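Subject: Structure handover

Hello,

Here is the structure for you to look through. My notes on it follow below.

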Amino acid sequence: MRYLQEKYPLNYLTVENISKSYGELSLFEDISFSVHKDQKIAFIAKNGTGKTSILNILSGDDQADSGNIIYRKDIRVSFLSQDPKFDENLTIEETIFASDNPILKVISNYEKSLLNPDDSEAYQVAFEEMELNQAWDFETLYKQILFKLKLEDLSQKVSILSGGQKKRLALANALINKPDLLILDEPTNHLDLEMIEWLEAFFAKENITLFMVTHDRYFLERVCNEIIELDEGQLYNYKGNYSYYLEKREARIELEATETGKAKQLFKKELTWMRRQPKARTTKSKSRINDFADIKHRAHQRRNDHEVQLELNMERLGSKILEFHKVSKAFKDKTILDGFNYMFQKGERVGIIGKNGTGKTTFLNILTETSKPDSGKVIKGDTIKFGYYTQNGITIKPEQKVIDVIREFGDYIPLKKGRQISAQQLLERFLFSRKKQYDFVEKLSGGERKRLYLCTVLIQNPNFLILDEPTNDLDIVTLNVLESFLLDFPGCIIVVSHDRYFMDKVVDHLLVFKGDGVIEDFPGNYTDYRVYEDSQPVVSNTTEDKKDTKSWKQNEASKLSYKEEKELKNIESKLNSLNFDKKEIESKFNNPDLSQEDINKLSEKLQVIIETIETKEERWFELSSKLED
């Protein structure tokens with residue numbers, strides 16, 4: 001505690017022993033933590049364990065069943081909720097100026113005076129107020145924030161804004177108020193990659209204390225300096241970024257597993273003693289009996305870290321997958337596709353990135369035949385079965401239970417090798433306990449609904465997955481599970497996502513939507529692309545500079561093209577990862593407690609990795625030989 005007081009002298013927020021339940025469902029009990037000046041804290045927990053409820057309690061939108069919320073006197077606090085509420089009759093500008101920030105009122109008066117140039121006296125008063133409050137820099141800041149969040153048209157009514165625009169308006173409002181403490185619920189949702197990177201830089205520069213829930217692990221890594229995790233009803237503090245958290249969390253779980261193992265041995269010993277004891281007890285034996293209950297509790301602790309292990313009976317992919325031939329699409333004067341050509345190959349993992357409004361979702365709609373191109377052809381192979389995860393999520397039916405959603409697809413789901421699992425078993429693999437399966441869908445948290453929706457997409461045995469912003473509202477535990485599933489998925493995958501960590505882990509190359517129908521095919525993941533973009537020279541209009549640019553882009557004829565260079569680097573990176581996975585699996589065979597079924601599963605997985613390594617190495621040698629020619 002001394003360390004906290006020295007490093008963070010000002011306590012902004014204290015949460016004391018709060019609890020929250022809904023009927024028989026207990027979300028959390030006796031939760032306590034504090035937020036001090038200059039801390040940037042991420043709050044991590046599984047979906048459905050109360051993250052959003054805690055934020056709602058902090059904002060006053062909900063009440064704890066017990067406990068206290070104490071804010072430091074006279075600090076300015078701003079909240080960003082997942083579902084912000086506005087006066088629909090106001091414009092964007094009126095919404096911003098409706099804030100109780102006194103400097104914003106000064107700026108509002110000044111801008112009104114500009115609209116009435118004949119009233120020189122009012123203008124002079126407003127101008128002097130701007131000078132007195134040093135509001136000029138603040139005005140520049142708030143206009144920059146609105147520009148970066150693509151809210152330039154201040155006259156737009158809130159009633160016509162999309163959900164994403166409203167979320168960005170709420171974020172702009174929170175930032176413009178320049179709070180001492182900013183509490184955020186999923187701040188990167190509905191932001192494109194450029195906006196997210198700007199927000200990272202903004203938080204690094206501005207002196208704001210943060211407490212946030214976010215699933216964006218790169219954002220978490222680069223912004224936060226402390227992590228609080230709610231796990232199995234207990235709070236754990238990690239004074240570092242996401243990488244530090246992963247390392248220390250793993251060490252904690254291993255230690256807990258060791259302690260549980262020791263408790264089990266002690267429990268067996270004490271259980272034998274309990275059964276031997278006569279009815280007459282000494283004082284010493286009564287004390288031992290009292291301790292027995294605690295030992296039993298520790299010995300029977302079990303983590304709920306189930307992994308999704310699905311070997312779906314995927315339809316075989318034929319030789320023809322999906323082809324775009326000179327496809328064009330435009331809306332009035334806005335071009336989305338302009339003679340686009342592309343042929344998907346087996347096992348392709350394509351990421352789609354680009355600013356909001358460049359046509360990413362329109363492209364997916366054309367691909368899935370829910371929208372038609374203006375010209376050109378989209379040819380789908382006979383064996384293709386799409387699984388399309390859209391941003392709309394699951395349709396909630398009144399009084400429908402979680403288990404009923406899955407049973408609409410059958411009581412049993414076919415797996416490979418003629419095996420099958422029940423709907424209940426399937427849901428358990430998607431982290432829904434037997435008790436949770438009989439909850440009404442309308443009672444699920446936003447993240448749990450997304451997880452259930454994802455389940456309904458995957459169990460239909462698609463061989464071509466299309467995931468449009470799949471990471472929104474999913475907790476980090478579920479994201480890791482989803483990534484593991486996708487890495488083993490043998491079909492084609494297209495991902496539209498602003499989650500850079502997810503993209504880096506899942507996709508092999510990118511289609512970059514630049515706008516005006518320009519789409520760049522980039523051989524690498526998102527981090528590779530950012531490095532490439534940052535290394536691009538500034539193109540000048542002079543003939544000499546154009547020659548330099550051309551020579552920079554093109555390699556000598558005897559060497560690799562730029563795309564081949566990127567492919568070579570990508571293969572080298574993949575081989576390192578695959579060899580690491582290979583060693584990890586081989587080490588698991590040393591476990592003497594493995595069952596025959598476990599050995600068979602590990603053998604199958606190892607064989608797939610070995611075959612993939614061989615394929616990658618053949619391509620690596622092919623490309624390397626070009627360098628030696």
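Among contacts between residues at least 6 apart in sequence, what percentage join residues at least 24 apart? In this chain it is 67%, where a contact means heavy atoms within 4.5 Å.

This is a predicted model, in which local features need pLDDT of at least 70 and side-chain atom pairs count only at pLDDT 80 or more, while totals for chains, interfaces and linings use all residues. Residues are numbered from 1 along each chain as its sequence is written, and side-chain values use heavy atoms, with hydrogens and water left out.

Overall

The chain has 629 residues, and 44% of them count as buried. Buried means under 20% relative accessible area, exposed means over 50%, and partly exposed is in between (1.4 Å probe, protein chains only). About 33600 Å² of the chain is exposed, 48% of which is supplied by carbon and sulfur atoms; these areas come from the Shrake-Rupley method with a 1.4 Å probe, and for residues only the protein chains shown count as cover. The chain contains 21 helices and 20 strands. Both are DSSP runs numbered from the N terminus: helices are H or I with at least four residues, strands are E with at least two.

Confidence

The mean pLDDT is 81, and 83% of the residues reach 70 or more. pLDDT is the predictor's confidence in each residue, from 0 to 100. Residues 1-8 have a pLDDT below 50, and this stretch has 11 contacts in the model beyond near neighbours in sequence. Residues 539-558 stay under 50, with 15 contacts beyond four places in sequence.

The second largest pocket

This pocket has a volume of about 1100 Å³. A pocket here is an open set of points on a 1 Å grid over the protein atoms alone, where a 1.4 Å probe fits, with protein on both sides within 12 Å along at least five of seven lines; lining residues have an atom within 4 Å of a point. Grid points are joined across faces, edges and corners, and the volume is the space filled by probe spheres set on the points.

The lining of the second largest pocket consists of 50 residues, and Thr52, Asn56, Ser81, Gln82 and Asp185 lie nearest its centre. Elements that give two or more residues to this lining include strand E2 (25-36), helix H2 (51-59), helix H7 (163-176), strand E6 (181-185) and helix H15 (446-458). H2 provides the largest share, six residues. By class, the lining has 19 nonpolar, 18 polar and 13 charged residues. Ala, Val, Leu, Ile, Met, Phe, Trp, Tyr, Cys and Pro count as nonpolar, Asp, Glu, Lys and Arg as charged, and the others, Gly among them, as polar.

After H2

Two residues in the loop between H2 and strand E4 (66-71) can be looked at together. Asp62 lies in this loop and is buried, with a relative accessible area of 19%. Gln63 lies there as well, but is exposed at 56%. Leaving aside neighbours within four places in sequence, Asp62 is in contact with Lys20, Tyr22, Asn56 and Ile57, and Gln63 with Lys20 and Ile57. The C-alpha atoms of Gln63 and Ser19 are separated by 9.5 Å, with their positions 44 residues apart along the chain.

Helix H12 and Leu486

Helix H12 (residues 360-367) is largely enclosed by the rest of the structure, because six of its eight residues are buried. Those six are Lys360, Thr362, Phe363, Leu364, Ile366 and Leu367. Just after H12, Glu369 takes a positive phi of about 70°.

Leu486 is in helix H16 (residues 476-488) and is buried, with a relative accessible area of 0%. Not counting residues up to four places away in sequence, Leu486 touches Arg349, Leu465, Leu467, Ile493, Phe502 and Val506. Its C-alpha atom is 9.6 Å from that of Val507, which is 21 residues away along the chain.

Two lysines with positive phi

Lys178, in the loop between H7 and E6, has a positive phi near 45° although not a glycine. Lys178 is partly exposed, with a relative accessible area of 41%. Lys332 sits in the loop between strand E10 (322-331) and strand E11 (334-344). Phi of Lys332 is positive too, about 55°, and this residue is exposed at 87%.

Regards
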